[in-house]
Amino acid sequence: MKLWQKIFLSSLALLVLATGGLSLLFLNNTQTQLWQREKQRAALQQQSLMNAIKTNVVNQRLQSGQISLSDTETRQAVRSALSSQETDSYMLAFQLYDSSGNPFRDDTTGLCHTANLTGSEYQDSSLTYTRIFSQRDRLLLALNSPLPLEQTDFRMVCVFDVTDLGAQLQRQAVTALSFGMVVSLAAAVVLLVLVKVQLRRLEQLSRASRRIAHGNYAERVQLAGADEVADLGKDLNRMAQAVQQHVGQLEQVAQDQKTFIANMAHEMKTPLTSILGFADLLYLQKDVPEKKRREYAGIILDETKRMRSLSGKLMELLNVGSQNLVFTSEELSGVIGEVATAMQPVLHSSRLALQYGCEPGLWMEMDRELFKSLLYNFIDNGRKASPEGSLIQLLAHRKGGRIEILIRDHGQGIPQKELEKIRQPFYMVDKSRSRKAGGAGLGLALCEEICRIHKGSFAIDSRLGEGTLITLSFPPAAADGAEEGGGAS
């Protein structure tokens with residue numbers, strides 16, 4: 001089915017439903033008002049009949065000089081009053097029933113009996129009941145109202161001919177239906193013309209988009225007007241212009257992807273260096289105490305497992321975000337202690353010292369290995385920028401309801417004009433120095449993504465010749481456990 005057909009049919013269906021609904025609502029409201037008026041008219045005539053009966057009973061009581069009539073006298077007065085009443089073309093029949101449901105007179109029409117307003121569902125003597133029914137092509141309205149006389153309760157049933165009202169309501173329904181059909185038909189014709197005219201411009205857009213898809217990025221479409229179709233044409237023109245401008249950038253992106261694959265070893269270097277450092281200690285020292293041997297072997301095992309886990313998680317992080325990461329509540333002092341221990345061989349080989357500390361009782365929700373990678377990256381960046389014999393500091397404390405981690409080096413610093421660019425993937429301030437140190441420009445980009453996943457952030461304050469201060473901020477997590485402070489070395 002074509003788009004214009006879908007739009008036309010769906011719009012027509014909604015229009016028909018709306019027109020029909022409004023017509024039914026108007027018709028129902030009108031019919032309700034007419035029925036209420038008719039019931040009031042019938043109730044007034046029934047009330048007039050009941051007043052005549054009451055008047056006759058009162059006159060009988062006054063003539064007899066009694067305070068109240070007996071049941072027998074009341075019934076005689078009622079029969080006398082009923083005998084003097086006549087039906088007409090509107091009130092076709094009437095009947096009076098006592099509390100036992102017995103009629104007071106013969107109903108030759110049988111309409112009061114047919115109205116069936118004396119059943120068990122009509123036993124509340126204080127209510128007036130109505131019923132609408134049909135008989136011999138006539139529409140009838142029956143009223144059943146209470147009539148208390150002297151010490152006895154009666155019920156008056158009257159049947160009225162409302163055939164004319166029924167015919168009027170039927171004519172109104174036919175008129176409303178005809179009006180709805182005429183309006184829908186006229187709207188369908190207008191709607192069809194409008195849809196065809198409007199979608200003709202979409203055909204222009206379709207032809208232009210096909211030419212752009214075949215490589216003609218200079219193609220532009222000219223559509224007059226200020227509606228959504230014209231806006232779509234402008235968007236198509238902007239898209240073609242953007243594609244034309246960014247073809248070269250897409251080629252650069254492809255090259256960056258190749259560079260990323262070639263430099264993935266950047267994230268693997270720190271754990272490998274740590275493994276090699278402790279392996280050298282085991283290899284070069286002939287008489288390694290059993291305790292130290294087990295400690296070194298344990299670190300090598302832990303770093304190997306971390307490297308295997310980290311390689312998969314980093315690839316997953318860059319490709320599918322934070323899926324399949326396992327977050328647990330961890331005490332920060334233990335994590336910082338592990339990072340400091342693992343970084344010792346790397347820093348020692350560069351003749352650098354690491355001072356670390358952590359305020360007790362700091363807990364965070366983290367993916368442990370991924371968070372350790374964050375700290376490894378910042379410390380390793382500080383190592384690359386620091387001269388021999390200098391100090392790198394790793395400190396953590398609580399500040400303003402959040403956990404703040406400070407990583408400071410006293411290296412060469414970063415120029416102010418480079419600070420806004422260093423978070424970009426593959427960007428390196430000093431490319432020759434970074435390549436020599438084994439960098440690929442991925443560290444800070446990965447750090448920013450890891451911070452985002454941990455609902456944190458980091459800021460860089462750096463001055464040339466004075467060093468760099470990295471300030472990380474994370475939300476804390478409450479957890480049970482022994483509180484451990486950090487050490488220093």
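Which residue forms a salt bridge with glutamate 388? Glutamate 388 pairs with arginine 351, their closest N and O atoms lying 3.7 Å apart. The views below come from a predicted model, in which local features need pLDDT of at least 70, side-chain atom pairs count only at pLDDT 80 or more, and totals for chains, interfaces and linings use all residues. Residues are numbered from 1 along each chain as its sequence is written, and side-chain values use heavy atoms, with hydrogens and water left out.

**Figure 1. The salt bridge between glutamate 388 and arginine 351.** A salt bridge is defined as a side-chain nitrogen of Lys or Arg within 4 Å of a carboxyl oxygen of Asp or Glu. Glutamate 388 lies in the loop between α9 and β8 (391-399), and arginine 351 in the loop between α8 and β6 (353-358), so the bridge ties together parts that are 37 residues apart in sequence. Helices (H or I, at least four residues) and strands (E, at least two) are DSSP runs, numbered from the N terminus. Glutamate 388 is exposed, at 57% relative accessibility, and arginine 351 is also exposed, at 54%. Here buried means under 20% relative accessible area, exposed over 50%, and partly exposed in between (1.4 Å probe, protein chains only). Arginine 351, just after α8, has a positive phi of about 55 degrees.

**Figure 2. The salt bridge between glutamate 338 and arginine 368.** The closest N and O atoms of this pair are 2.4 Å apart. Glutamate 338 belongs to helix α8 (residues 332-349) and arginine 368 to helix α9 (residues 368-385), and the two residues are 30 apart in the chain. Both partners are partly exposed: glutamate 338 has 32% relative accessibility, and arginine 368 has 22%. They take part in a network of salt bridges that links Glu330, Glu338, Arg368, Glu369 and Lys372. A search of the whole structure finds 17 salt bridges.

**Figure 3. A salt bridge within helix α9.** The side chains of arginine 383 and aspartate 380 meet at 2.8 Å, N to O. These residues are 3 apart in the helix, about one turn. Arginine 383 is buried at 15% relative accessibility, as is aspartate 380 at 8%.

**Figure 4. The kink in helix α8.** The 18 residues of α8 reach 26 Å from first C-alpha to last, close to the 26 Å expected at 1.5 Å a residue; the expected span is 1.5 Å times one less than the number of residues. A kink of about 40 degrees lies at methionine 343, shortly before proline 345. The bend at a residue is the angle between axes fitted to the seven residues ending there and the seven starting there. The buried residues of α8 include Met343 and Pro345, together with Val335, Ile336 and Val339.

**Figure 5. Helix α4 and a nonpolar surface patch.** Helix α4 (residues 163-213) contains valine 189. Val189, Val193 and Val197 form a nonpolar patch on the surface, with about 240 Å² of accessible area together. Patches are made of residues with over 30% relative accessible area and no salt bridge; like charges are joined within 9 Å, and nonpolar side chains (Val, Leu, Ile, Met, Phe, Trp, Tyr) within 5 Å. Areas come from the Shrake-Rupley method with a 1.4 Å probe, and for residues only the protein chains shown count as cover. The 51 residues of α4 reach 72 Å from first C-alpha to last, close to the 75 Å expected at 1.5 Å a residue. Glycine 215, which follows α4, has a positive phi near 105 degrees.

**Figure 6. Strand β11 and its pairing partners.** Strand β11 (residues 467-474) is mostly covered, with 7 of its 8 residues buried. Strand β9 (residues 402-409) pairs with β11 in the antiparallel sense over 7 bridges, where two strands pair if DSSP finds at least two bridges between them. Isoleucine 405 has leucine 472 of β11 as its bridge partner. Strand β10 (residues 457-463) also runs antiparallel to β11, joined by 7 bridges, and arginine 463 stands opposite glycine 467 in β11. β10 and β11 form a hairpin with 3 residues between them, and glycine 465 in the turn has a positive phi of about 80 degrees.
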